[in-house]
Amino acid sequence: MDETKPLKVRLTFCVLLVGVSLLFAAVVTDHWAVLSPRVEDFNATCEAAHFGLWRLCTKRIQMQEQGAKERGCGPISLPGVQNCSYFKHFTPGQSSEIFEVTTQKEYSISAAAIAIFSVGFAIIGTICVLFSFQKKRDYLLKPASMFYTFAGLCIIISVEVMRQSVKRMIDSKETAWMEYSYAWSFACACSAFVLLFVFGIILLLIALPRFPQNPWETCMDAEPEH
């Protein structure tokens, strides 16, 4: 038996917990993408927006001249009056008509639903690893590794759906948004995918039984026939 296996499992689990934390941060925050209209008058105010899976926040800020090629509204970090509202299809009583016209409702719902699956897989995987720390329950590491891998795949699919949603918003003629950039919540989701997917596979390799180093090890360890 590999005496370093418990240490490897714990180290891998620590990295996976970082991935789970990044996953939760990405899902609950609303800084996936930043949108801004094209601005010609730099002495006026403009309205930029940032949004996530559930909520849209708009901010009216004072435009500052940046350069000949940079005509967007922002940066979003400038002080201004901010107004946030949840998407209308998640909270039927709230108002978000402007965003509802410019985005595809199916994209938003799909990205959120897939992200929820990712969170569920990550939670189940974490529970399996915690139970595996009890004596003679190493067999739970294999399903845990698969759950973490599935969580990583789900969040990267959600990222791609969100990316397509932003692209279609920018290309739409019905929207005033002309510029966009991805923000830190988007980066958290991508980082979570890398950690959950890669270290989920590493956890699976650790959980697999050790292959014999010599051809005769399997024969020597076999039980004698009666």
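Good morning. I shall begin at the surface, where Phe24, Ile123, Ile127 and Phe131 make a nonpolar patch of about 330 Å². The model in which we see this patch is a predicted one. Helix α3, which covers residues 105-132, gives the most to the patch, with 3 residues. Ile127 is found in this helix, α3. How accessible is Ile127? Its relative accessibility is 40%, and therefore Ile127 counts as partly exposed.

Let me now step back to the whole chain. The protein contains 6 helices and 5 strands. Read from the N terminus, the order of these elements is α-β-β-β-β-α-α-α-β-α-α. There are 226 residues in the protein, and 40% of them count as buried. The exposed area of the protein comes to about 13,100 Å², of which carbon and sulfur atoms supply 63%. As for contacts, if we take those in the protein with a separation of 6 or more, 66% are between residues 24 or more positions apart.

I turn next to the helix at the start of that order. Helix α1 spans residues 5-28 and has 24 residues. From its first C-alpha to its last, helix α1 reaches 34 Å, close to the 34 Å expected at 1.5 Å a residue. Which residues of α1 are buried? They are Lys5, Val9, Thr12, Phe13, Leu16, Gly19, Val20, Leu23, Ala26 and Val27. I would ask you to keep Ala26 and Val27 in mind, as both names will return.

The next topic is charge. How many salt bridges does the structure hold? The structure holds 2. In one of them, the side chains of Asp30 and Arg55 meet, with 2.5 Å from N to O. This pair links distant parts of the chain: Asp30 sits in the loop between α1 and β1 (33-37), while Arg55 belongs to strand β3 (residues 55-62), and the two are 25 residues apart. Is Asp30 buried or exposed? Asp30 has a relative accessible area of 8%, so this residue is buried. Its partner Arg55 has a relative accessibility of 27% and therefore counts as partly exposed.

There is also a salt bridge between the side chains of Arg163 and Glu160, at 3.0 Å from N to O. Here both residues lie in helix α4 (residues 141-171), 3 residues apart, which is about one turn of the helix. Arg163 is partly exposed, with a relative accessible area of 32%. Glu160 counts as partly exposed too, at 34% relative accessibility.

I come now to the aromatic residues. A search of the whole structure finds 6 aromatic pairs. One of these joins Trp32 and Phe186; because their planes stand at 80 degrees, with ring centres 6.2 Å apart, the pair is edge-to-face. Again distant parts of the chain are linked: Trp32 is in the loop between α1 and β1, Phe186 is in helix α5 (residues 184-207), and their positions lie 154 residues apart in the numbering. Tyr182 and Phe186 also form an aromatic pair, and this one is stacked, with 4.2 Å from centre to centre and 20 degrees between the planes. Together, Trp32, Tyr182 and Phe186 form one aromatic cluster.

How is this cluster placed with respect to the surface? Trp32 counts as buried, at 0% relative accessibility. Phe186 is buried as well, with a relative accessible area of 11%. Tyr182, in contrast, has a relative accessible area of 31% and is partly exposed.

My final residue is Ala189, whose place is in helix α5. At 0% relative accessibility, Ala189 counts as buried. Which residues does Ala189 touch, not counting those up to four places away in sequence? The answer is Ala26, Trp32, Ile155 and Val159. Of these, Ala26 was named among the buried residues of α1, and Trp32 belongs to the aromatic cluster. Val27, also on the list of buried residues in α1, is 162 residues from Ala189 along the chain, yet their C-alpha atoms are separated by 7.8 Å.

To close, I return to the links across the chain. The loop between α1 and β1 supplies Asp30 to a salt bridge with strand β3, and the loop between α1 and β1 also supplies Trp32 to an aromatic pair with helix α5. Thank you for your attention.

Definitions and conventions:
Residues numbered from 1 in each chain as written. Predicted model: local features only at pLDDT ≥ 70, side-chain atom pairs only at ≥ 80, totals over all residues. Heavy atoms only, no water. Patch = residues over 30% accessible without salt bridge, like charges linked within 9 Å, V, L, I, M, F, W, Y side chains within 5 Å. Areas by Shrake-Rupley, 256 points an atom, 1.4 Å probe, with all protein chains shown as cover. Salt bridge = Lys/Arg side-chain N within 4 Å of Asp/Glu carboxyl O. Helix = DSSP H or I, 4+ residues; strand = E, 2+ residues; numbered from the N terminus. Buried < 20%, exposed > 50% of the residue type's maximum accessible area, 1.4 Å probe, protein only. Expected span 1.5 Å × (residues − 1). Contact = heavy atoms within 4.5 Å. Phe/Tyr/Trp six-rings, centres within 6.5 Å; stacked < 30°, edge-to-face > 60°.
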